[in-house]
Amino acid sequence: MIKYTKALRIIEDREGLFLKPYLDPVKIPSIGLGTIRYPNGKAVTMQDKPITKEQAYEYCEHHIDNDVVPSIKRLVKVEINQNELEALISFVYNIGQGNFGSSTMLKLLNSDAPRI
């Protein structure tokens, strides 16, 4: 069952869906929806076999569940709704947890600034 359907649609739209290994814009071997590391921790290589669309979503969801959402929950100090969470998931998936931790987005989100 897909938990974050909106986030996954945004990620697929931005990252693309590649069933064979490819080099991402910064030349890191990737597969699926931008996966650089499989759920078992092994890094993607250009020699890896193709995957299915289902595997691509499974790998992405694993990363979201185990890395992205815990990072968001740890760093965001204000209450957010499901739509905001899914937007943040796609943002953090794209820029990485470390970059999110020092981002202007996080600073503004956690500030008293009104949200639109």
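Which exposed residues does the face of helix 1 turned away from its buried side carry? Keep this in mind while the tour reaches that helix. The model on screen is predicted.

**Whole chain.** Start with everything shown as a cartoon. There are five helices and two strands to find, and along the sequence they follow the pattern α-β-β-α-α-α-α. With a radius of gyration of 15 Å, close to the 13 Å that the globule rule gives for 116 residues, the protein is as compact as a globular protein of that length. Along the principal axes, the C-alpha atoms fill a box of roughly 50 × 30 × 25 Å.

Now switch on the surface. The protein exposes about 7,400 Å², and carbon and sulfur atoms supply 56% of this area. Buried residues make up 35% of the 116 residues. Of the contacts with a separation of 6 or more, 52% are between residues 24 or more positions apart.

**Helix 1.** Select residues 5-15, which form helix 1, and show the side chains of Ala 7, Leu 8 and Ile 11, which are buried. Look down the axis of helix 1: its buried residues fall within an arc of 95°, so they line one face of the helix. An α-helix has 3.6 residues a turn, so residues three or four places apart point the same way. Next, add helix 2 (53-75) and helix 3 (82-95), against which the buried residues of helix 1 pack.

Turn to the opposite face for the opening question: the exposed residues there are Arg 9 and Asp 13. Then step just past the end of helix 1 to Gly 16, where phi is positive, at about 85°.

**The loop between the strands.** Select strand 1 (18-23) and strand 2 (29-32), then Val 26 in the loop between them. Is Val 26 buried or exposed? Its relative accessible area is 60%, and the cut-off for exposed is over 50%, so Val 26 counts as exposed. Add Ile 28 and Ile 36: with Val 26 they form a nonpolar patch on the surface, with about 250 Å² of accessible area together.

**Helix 5.** Finish at residues 104-110, helix 5, and pick out Leu 106. Leu 106 has a relative accessibility of 6% and counts as buried. Which residues does Leu 106 touch, not counting those up to four places away in sequence? Show Leu 75, Val 76, Phe 100 and Gly 101 to see them. As a last selection, draw a distance from Leu 106 to Gln 47, C-alpha to C-alpha: the two are 59 residues apart in sequence and 37 Å apart in space.

How values were computed. Residues are numbered from 1 along each chain as its sequence is written. This is a predicted model: local features need pLDDT of at least 70, side-chain atom pairs count only at pLDDT 80 or more; totals for chains, interfaces and linings use all residues. Side-chain values use heavy atoms; hydrogens and water are left out. Patches are made of residues with over 30% relative accessible area and no salt bridge: like charges are joined within 9 Å, nonpolar side chains (Val, Leu, Ile, Met, Phe, Trp, Tyr) within 5 Å. Accessible areas come from the Shrake-Rupley method with a 1.4 Å probe; for residues, only the protein chains shown count as cover. A salt bridge is a side-chain nitrogen of Lys or Arg within 4 Å of a carboxyl oxygen of Asp or Glu. Helices (H or I, at least four residues) and strands (E, at least two) are DSSP runs, numbered from the N terminus. Buried means under 20% relative accessible area, exposed over 50%, partly exposed in between (1.4 Å probe, protein chains only). The radius of gyration is taken over C-alpha atoms; the globule rule is 2.2 Å times the number of residues to the power 0.38. Contact means heavy atoms within 4.5 Å. The arc is that of the directions from the helix axis to the C-beta atoms.
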